Amino acid sequence: MQSHINMRQRRIGQRTSKGDGNMRHATWNAIEGNTAAMRIYRSYRQLPEGIRAPARWVVAPLWHSACALIRRNADDAVLSGPFEGMKLDLSPVSSRHLLGYLLGTQELELHSVIETVIRQEYSTVINIGVADGYYAIGLARRMPSTQIVGFEGLPEHHEPFWHTARMNGVADRIKMEGFCTAADLQNSLVAAGSRPFILCDIEGGEKALLDNSRIPELNQADILVETHDGLVPGCSKALLQRFSETHEITSIYARPRTIRDFPSHKLPFLAKWIPGTAVELMNERRTGVQEWLFMTPRARRGREIPS
């Protein structure tokens with residue numbers, strides 16, 4: 001896969017063209033673009049699950065057959081990517097709409113960065129916005145000498161997270177907390193020592209939380225943050241301004257999936273016979289152009305960086 005990262009200079013002012021970077025299901029695009037279809041969809045969402053489940057198969061049999069085939073072949077394990085082999089307990093919604101986690105293609109734009117993070121052998125990884133544990137548990141598996149500190153503000157994620165951590169045999173190296181405040185983050189960074197790595201995905205909360213004027217320890221941390229300008233306007237710009245003097249900053253942009261991204265070696269039937277559905281299964285239902293910022297302290301400029 002060709003790298004979409006220029007590690008020495010952020011492409012300031014350079015954005016992908018309109019439509020680039022959208023990773024949304026074609027079926028969902030069609031529904032959203034039709035007022036009548038959206039009205040029907042909202043009515044469907046009000047039905048009991050016992051009615052919705054068979055209705056889904058009637059309306060989209062190919063889609064749900066493909067999902068079932070992936071889940072059967074995966075046997076609750078990631079099929080490719082940096083976390084290949086990791087056991088994953090997906091929620092019912094994710095198992096229908098976000099099969100990229102099991103396929104191993106979820107946020108594949110970050111794969112080279114994740115491999116670099118793994119090679120750095122950080123003493124502590126601080127994951128803010130753990131959700132189902134894809135990164136916290138995946139990094140724990142790949143970095144057996146690293147302590148993982150996780151924060152997740154939604155309590156309903158905690159029980160399935162710990163179930164997945166136990167399935168992968170890494171629960172003893174993970175500390176899990178709730179909502180992350182500035183004080184929580186500062187305390188975690190102080191405890192982490194000189195080589196912390198922060199992975200942050202908190203739906204726009206990153207603008208308020210990642211403030212190095214309030215938390216000076218951030219200036220010594222490597223940070224990978226998913227920005228959410230659609231939810232909090234000016235989020236990316238604010239982070240760039242704060243960290244431009246202390247960090248090398250790289251923008252990573254999402255791109256649409258193609259059949260070349262699909263793990264065909266694991267699911268050759270899907271890739272060969274229904275390539276359109278295979279591609280749609282990898283899309284991530286995002287709006288606009290998704291951007292991540294990978295920020296490394298200038299004081300450690302000589303360290304390894306993704307190519």
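Start by selecting E226: the residue that stands opposite it in β7 is W292. This is a predicted model, and the tour moves from this spot across the sheet and then out to the side chains.

**The sheet**

Extend the selection to the two strands around that position. Strand β5 covers residues 222–227 and strand β7 covers residues 291–297; they pair in the antiparallel sense over five bridges.

Now show the whole sheet. Seven strands make up this open sheet, and their order is β3-β2-β1-β4-β5-β7-β6, with mixed pairing. Which strands stand at the edges? They are β3 (174–177) and β6 (247–253); each has a single partner strand, so one side of each is left without a neighbour in the sheet. On average, neighbouring strands of this sheet are turned by 15° against each other, direction ignored.

**From β1 to β3**

Select β2, residues 147–151. Is this strand largely enclosed or left open by the rest of the structure? Four of its five residues are buried, so β2 is largely enclosed.

Add strand β1, residues 124–128. β1 and β2 run parallel and are joined by five bridges. Pick I128 in β1 and look for its bridge partner in β2, which is F151. To follow the chain between these strands, trace it from β1 through α8 to β2; this β-α-β crossover is right-handed.

Stay on β2 and add β3. These two strands pair in the parallel sense over four bridges. F151 appears again here, standing opposite E177 in β3. The chain goes from β2 through helix α9 (residues 158–167) to β3, and this β-α-β crossover is right-handed.

**Aromatic rings**

Leave the sheet and display the aromatic side chains. The model has six aromatic pairs. Select F83 and Y134: their rings form an edge-to-face pair, 5.3 Å centre to centre with 80° between the planes. Where do the two residues lie along the chain? F83 is in the loop between α4 (61–74) and α5 (92–97), while Y134 is in helix α8 (residues 134–142), so this pair links distant parts of the chain, 51 residues apart. Both F83 and Y134 are buried.

Add Y135. The centres of the Y134 and Y135 rings are 5.3 Å apart and the planes are at 85°, so this pair too is edge-to-face. Y134 has a relative accessible area of 3% and is buried; Y135 is also buried, with a relative accessible area of 13%. To see the cluster that ring pairs form, select F83, Y101, Y134 and Y135 together.

One further ring is worth a stop. Select Y122 and R195: the charged end of R195 sits over the Y122 ring, 5.5 Å from its centre.

**Salt bridges**

Next, display the charged side chains. There are seven salt bridges in the model. Select E84 and K266, whose side chains meet in one of them at 3.0 Å, N to O. E84 lies in the loop between α4 and α5, and K266 in the loop between β6 and α13 (268–273), so the pair ties together parts that are 182 residues apart in sequence. E84 is partly exposed at 42% relative accessibility, and K266 is partly exposed with a relative accessible area of 31%.

Move on to E115 and R142, which form a salt bridge at 3.1 Å, N to O. E115 is in helix α7 (residues 111–120) and R142 is in helix α8, so this bridge ties together parts 27 residues apart in sequence. E115 counts as partly exposed at 25% relative accessibility; R142, with a relative accessible area of 31%, is partly exposed.

Then select R298 and E248. Their side chains meet in a salt bridge at 3.6 Å, N to O. R298 lies in the segment after β7 and E248 in strand β6, so the pair ties together parts that are 50 residues apart in sequence. Which of these two residues is buried and which is partly exposed? R298 counts as partly exposed at 32% relative accessibility, whereas E248 counts as buried at 10%.

For the last stop, select E109, R257 and E284. Salt bridges that share partners join these residues into one network.

Terms used
Residues numbered from 1 in each chain as written. Predicted model: local features only at pLDDT ≥ 70, side-chain atom pairs only at ≥ 80, totals over all residues. Heavy atoms only, no water. Phe/Tyr/Trp six-rings, centres within 6.5 Å; stacked < 30°, edge-to-face > 60°. Buried < 20%, exposed > 50% of the residue type's maximum accessible area, 1.4 Å probe, protein only. Lys NZ or Arg CZ within 6 Å of the ring centre and 35° of its normal. Pairing = 2+ DSSP bridges. Axes fitted to C-alpha atoms, helices over the stretch in contact; angles between N-to-C directions. Salt bridge = Lys/Arg side-chain N within 4 Å of Asp/Glu carboxyl O. Right-handed = clockwise from strand over helix to strand, strands pointing away.
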